[in-house]
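Hi,

Here is the structure I said I would pass on. Have a look at it first, and my notes follow below.

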Amino acid sequence: MFAKINSLGLFGLNAFVVDVETEISRGTPCFDIVGLADVSVKESRDRIKAAFRSFGGQFPVARVVVNLAPADTRKAGSMFDLAILVAVLRAQGLLNADLSETAFIGEVSLNGDIRAVSGVLPMVLCAQKAGITEVFVPADNAYEASVAEGVKVYGAANVKDILDHFNGTRPIAPAPPYVPKAAEYFEHIDYAEVKGQRLAKKALEYAAAGGHNLLMIGTPGSGKSMLAKRLPTILPQMSFRESIETTNVHSVSGLVDKDNPLVVKRPFYSPHHIISGAGLCGGGTTPRPGQISLAHNGVLFLDELPEFARPTLEMLRQPLEDRQVTISRASGSVTYPCSFMLIAAMNPCPCGYMGHPTKKCTCSRQKAKEYINRISGPLLDRFDIHVEVGPVDFKALSSTAKEESSAAIRERVQAAREIQQRRFAGTDITCNARITADLFHEVCPVTKEGTELLEQVFEKMGLSARAYDRIVKVARTIADTENSEMIDKKHIAQAVQFRTLDRKYWND
Ligand SMILES: Nc1ncnc2c1ncn2[C@@H]1O[C@H](COP(=O)(O)OP(=O)(O)O)[C@@H](O)[C@H]1O
Ligand SMILES: [Mg+2]
């Protein structure tokens, strides 16, 4: 007897439909799974046999061959368990419903429980595209699956639930359609707690408004970490498309919160400096997303930047430009998106007090230079905004004057983002930092005075083409925060001011 059941597989972020074909025939009893299935898939044989006992079923005493088609695509993971089990039942003649537009995803445990798997959202989105109208998923993944519109989702906790559903004794109610929740931006931290640091706060506001990378340099205790950690409180709202993209990455990493499956808050990742290159950019035998991909559409904060291993930092260069990272393995290559804002903080020298108004720096010139040079020129060039964070004086710290709240700053950020959304409607561009070369001149009109200033600084500062490009993009953002269509001299001047630290610290 033959049966065919739909399921889904996953490689990296790429989901694909899998036909689970089962044939039961006479002959020496065996249970084989073929179709480029790896060890993790073959292990499902033992789980399925045991699960049959859990509901009083009888695994066929016959030749059972399961083929996972297409046979030329590698299959890994335990998500096919449920579909294989259902296919065997069907081939036994025990399940006769029309399942041509139904797919099954889930791991089956020895006692018949259906366990959650990772990557459910990308798989169900793929099912939707393939014309599948209903999916059976582990109960714990049901809410996540319901994010895909137009697919009926049934969450099942045990194989018995599925049998009862189809024999009509206890039908499973479809999961309610996902209702997007407004992002909860309520945080326990706020920029109002940071005294002074006007310039740094402004720089962070521009970074948030235009999606720019930002580097803070300053003496210890000046509030760099404090400033960076509050960035999520002013970040603009995510679009639904951005939420889906980020959730897909979190889903394949098994990081989806089952009660709040859709990532609606921009991710903020702050890895410790001992992180490996693979941890940061992705890797492993089955290539998994790194922190840069988990931070997709959000922020990666690298505190104490020079403490990171230099090769690890250099690995960031390509993904920062390409906004995606490809990991190659013998089993194939996987591409993950990684469009993130890079925020970094560092001391100016090993002791931290170079340039401090009262404390004496104890570093030799040589040591200070070595320290600063751990950040290569090309990496430095990728920070659109550089800002010095000086020590706060006692007067500012003890002042009771109210500082501006994150909510007030966020309102301006949001307004600037809305201008950008209108500007880039119909393109893939999400913010000023991602303006492509073909659109550059069209969307960045500079006044005559602005152009003159640009020309002067370009020659005087010996800017690279990349630095020029970034100055104009930051000026674009500054102009947006003032609702100015044209980029004027003052916007250029401010953007240039945010590119002067490399000259101060990195030059002899
Ligand atoms: N501008 C500031 N306003 C209020 N408190 C500050 C400020 N700067 C520093 N602090 C205090 O000093 C602590 C250390 O700041 P931190 O952000 O860790 O400095 P850095 O990262 O520059 O070394 C903070 O937790 C905070 O208590
Ligand atoms: Mg710090």
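Of the protein's 508 residues, 44% count as buried. Keep in mind that this is a predicted model. The secondary structure comes to 22 helices and 16 strands, and the C-alpha trace spans about 85 × 45 × 45 Å along its principal axes. As for contacts between residues at least 6 apart in sequence, 74% of them join residues at least 24 apart.

Let me start with the strands. Strand β4 covers residues 63-69, and its side chains alternate. Val64, Val66 and Leu68 point to one face and are buried, while Arg63, Val65, Asn67 and Ala69 point to the other face and are not. That is the pattern to expect, because side chains in a regular strand alternate between the two faces of the sheet.

Who pairs with β4? Strand β2 (residues 14-25) runs antiparallel to β4 and is joined to it by 7 bridges; in that pairing Thr22 stands opposite Val66. Strand β3 (residues 30-34) runs parallel to β4, with 5 bridges between them, and there Cys30 has Arg63 as its bridge partner.

The other strand I looked at is β8 (residues 134-138), which is mostly covered, with 4 of its 5 residues buried. Strand β5 (residues 102-104) is parallel to β8 and joined to it by 3 bridges, while β9 (residues 152-156), also parallel to β8, is joined to it by 5. Phe136 of β8 is a handy residue to click on: Phe104 stands opposite Phe136, and Phe136 in turn stands opposite Tyr154 in β9.

Now for a helix. Which residues of α2 (residues 44-54) are buried? They are Ser44, Arg47, Ile48, Ala51 and Phe52. Looking down the axis of α2, these buried residues fall within an arc of 140 degrees, so they line one face of the helix. The spacing makes sense, because an α-helix has 3.6 residues a turn and residues three or four places apart therefore point the same way. The cover over the buried residues of α2 includes α1 (39-42), α3 (81-91), β6 (107-108) and α6 (159-166). Just past the end of α2, Gly56 has a positive phi of about 75 degrees.

Next, a residue further along the chain. Arg317 sits in helix α13 (residues 317-322). Is Arg317 buried, exposed or partly exposed? It counts as partly exposed, because it has 14 C-beta neighbours inside 10 Å, whereas a buried residue would need 20 or more. Setting aside neighbours within four places in sequence, Arg317 is in contact with Pro378, Leu379 and Arg382. Arg382 is 65 residues away from Arg317 along the chain, yet their C-alpha atoms are separated by 7.9 Å.

Last, the part you may want to open in your own viewer: ligand 1. Which residues come nearest to ligand 1? Of the 15 residues around it, these are Lys195, Gly223, Lys224, Ser225 and Met226. Helix α8 (residues 224-229) gives the most to the shell, with 3 residues. By class, the shell around ligand 1 has 6 nonpolar, 7 polar and 2 charged residues.

That is what I have for now. Shout if you want to go through any of it together.

Cheers

Terms used
Residues numbered from 1 in each chain as written. Chains lettered and ligands numbered in written order. Predicted model: local features only at pLDDT ≥ 70, side-chain atom pairs only at ≥ 80, totals over all residues. Buried ≥ 20, exposed ≤ 12 C-beta atoms within 10 Å, placed from the backbone. Helix = DSSP H or I, 4+ residues; strand = E, 2+ residues; numbered from the N terminus. Arc of directions from axis to C-beta. Contact = placed C-beta atoms within 7 Å. Pairing = 2+ DSSP bridges. Near = placed C-beta within 6 Å. Nonpolar A, V, L, I, M, F, W, Y, C, P; charged D, E, K, R; others polar.
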